[in-house]
Amino acid sequence: ASSPFRASASWLDAVVRIAIEDVDPGSPELVHADPSEFSGRGVAIVADLSQRWGYDRLPTGKVVWSELARKRV
């Protein structure tokens, strides 16, 4: 995030949900960065690692969230 942010994690039934809240109103974009570029891969990495991801708009910005499968022990 290029603005102040807050991170949280919570356990749901079969997933761990990670959320990042920031004040930037822009939507996260899934782009495929050229191998020679140094940035632009964050959302693609989150999408590859997640079962599900998305974002929710807030009056003060947005929350981007990701759900990761919990490994049963």
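Is F5 buried or exposed? In this predicted model, F5 is exposed, because its relative accessible area is 53% and exposure is assigned to values over 50%. The residue F5 lies in strand β1, and the setting of this strand is consistent in character: of the seven residues of β1, which spans residues 5-11, the number buried is zero, so the strand lies largely in the open.

Strand β1 is joined by seven bridges to strand β2, which covers residues 15-22, and the two strands run antiparallel. The connection between β1 and β2 is a hairpin, made through three residues. Within this pairing, R6 is found opposite E21 of β2. At the surface, F5 contributes, together with I18 and I20, to a nonpolar patch of about 250 Å².

A contrasting environment is found at S50, which is placed in the loop between helix α1 (42-49) and strand β3 (52-58). The relative accessible area of S50 is 13%, and because burial is assigned to values under 20%, S50 is classed as buried. Two polar interactions involve the side chain of S50: the side chain reaches the backbone oxygen of V46 at 2.6 Å, and a polar contact of 2.4 Å joins it to the side chain of S66. When residues up to four places away in sequence are not counted, S50 touches S66, E67 and L68, and S66 thus appears both among the residues touched by S50 and as its partner in a side-chain polar contact.

Methods. Residues are numbered from 1 along each chain as its sequence is written. This is a predicted model: local features need pLDDT of at least 70, side-chain atom pairs count only at pLDDT 80 or more; totals for chains, interfaces and linings use all residues. Side-chain values use heavy atoms; hydrogens and water are left out. Buried means under 20% relative accessible area, exposed over 50%, partly exposed in between (1.4 Å probe, protein chains only). Helices (H or I, at least four residues) and strands (E, at least two) are DSSP runs, numbered from the N terminus. Two strands pair if DSSP finds at least two bridges between them. Patches are made of residues with over 30% relative accessible area and no salt bridge: like charges are joined within 9 Å, nonpolar side chains (Val, Leu, Ile, Met, Phe, Trp, Tyr) within 5 Å. Accessible areas come from the Shrake-Rupley method with a 1.4 Å probe; for residues, only the protein chains shown count as cover. A salt bridge is a side-chain nitrogen of Lys or Arg within 4 Å of a carboxyl oxygen of Asp or Glu. A polar contact is a pair of N or O atoms within 3.5 Å; within protein, one must be able to donate a hydrogen and the other to accept it, and residues adjacent in sequence count only if both atoms are side-chain atoms. Contact means heavy atoms within 4.5 Å.
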